[in-house]
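Biologist: I am new to this structure and would like a close look at a single part of it, beginning with the side that faces outward. Please then show me how that part fits with what surrounds it.

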Amino acid sequence: MMSEVMKSIKICAFCPNTCRSSFGASETLQIESQTPSALSLICLAVHQGNLEWDQETRNVLMRRDAVKSSVGKCTYGLNMTKILDDAVLSLSLR
Ligand code: SF4
């Protein structure tokens, strides 16, 4: 399961946030560090051993407002809420 999840995480991490139009320009959801792409990059960094899997990292990955907005608007048809949940679970079980 991990490899499938990480495949989707990689697609999202390197995507130029084409789902951004799903949240308004003035909304706080525009915060760069909370986009689906940013959260995916954080998961990837943990997976590759470049970021510690501590409470702070886990808390950051739970800020999902922008991610929820992207569901149904993803260019690749990814449900990033589900994929990030699966990634967090997999990273916790390592
Ligand atoms: S959710 Fe989809 S469109 Fe949005 S950044 Fe990730 S891969 Fe790109």
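Modeller: Let us begin with α1 on the side away from its buried residues, where S3, E4 and K7 are exposed (exposed means that 12 or fewer other C-beta atoms, placed from the backbone, lie within 10 Å of a residue's own; buried means 20 or more, and partly exposed lies in between). The model is a predicted one, in which local features need pLDDT of at least 70 and side-chain atom pairs count only at pLDDT 80 or more, while totals for chains, interfaces and linings use all residues. Residues are numbered from 1 along each chain as its sequence is written.

The buried residues of α1 are V5, M6, S8, I9 and C12. Because these cover an arc of only 160° around the axis, they lie on the same side of α1 (the arc being that of the directions from the helix axis to the C-beta atoms). The twelve residues of α1 should span 16 Å at 1.5 Å a residue, and its end C-alpha atoms are indeed 16 Å apart (the expected span is 1.5 Å times one less than the number of residues). The cover over the buried residues of α1 includes α2 and α5 (two residues are in contact if their C-beta atoms lie within 7 Å).

To place α1 in its setting, the protein chain has five helices and zero strands, and reading along the sequence gives the pattern α-α-α-α-α (helices, H or I of at least four residues, and strands, E of at least two, are DSSP runs numbered from the N terminus). Of the 94 residues of the chain, 27% count as buried. Among contacts between residues at least 6 apart in sequence, 67% join residues at least 24 apart.

One of the two partners just named, α2, also has twelve residues, and the 16 Å between its end C-alpha atoms agrees with the 16 Å expected at 1.5 Å a residue. In α2 the buried residues are P36, S37, L39, S40, I42, C43 and V46, and they pack against α1, α3, α4 and α5. After α2 comes G49, whose phi is positive, near 85°.

The other partner, α5, has 14 residues and reaches 19 Å from its first C-alpha to its last, close to the 20 Å expected at 1.5 Å a residue. Its buried residues are M80, I83, L84 and A87, which cover an arc of only 95° around the axis and therefore sit on the same side of α5. On the other side of α5, L89, S92 and L93 are exposed. The buried residues of α5 pack against α1, α2, α3 and α4.

These helices meet in the largest nonpolar core, where, of 18 residues, I9, L39, C43, M80, I83, L84 and A87 touch the most other members (a nonpolar core is a set of buried Ala, Val, Leu, Ile, Met, Phe, Trp, Tyr and Cys residues joined through C-beta atoms within 7 Å). The elements giving two or more residues to this core are α1 (2-13), α2 (36-47), α4 (65-70) and α5 (80-93). Leaving aside residues up to four places away in sequence, L84 touches L39, C43, L61 and V67.

Next comes the ligand, which has 14 residues around it, with C12, C15, C19, P36 and C74 coming nearest (a residue is near a molecule if its C-beta atom lies within 6 Å of it). The elements that give two or more residues to this shell are α1 and α2. C12 therefore appears twice in this account, being a buried residue on the same side of α1 as V5, M6, S8 and I9 and one of the residues nearest the ligand. The shell divides into nine nonpolar, five polar and no charged residues (Ala, Val, Leu, Ile, Met, Phe, Trp, Tyr, Cys and Pro count as nonpolar, Asp, Glu, Lys and Arg as charged, and the others, Gly among them, as polar).

Finally, the loop between α1 and α2 holds N17, which has a positive phi of about 55° although it is not a glycine. Most residues other than glycine have a negative phi. N17 is partly exposed, because 17 other C-beta atoms lie within 10 Å. S33 is found in the loop between α1 and α2, and it counts as exposed because it has 11 C-beta neighbours inside 10 Å. S33 and A66 are 33 residues apart in sequence and 9.8 Å apart in space, C-alpha to C-alpha.
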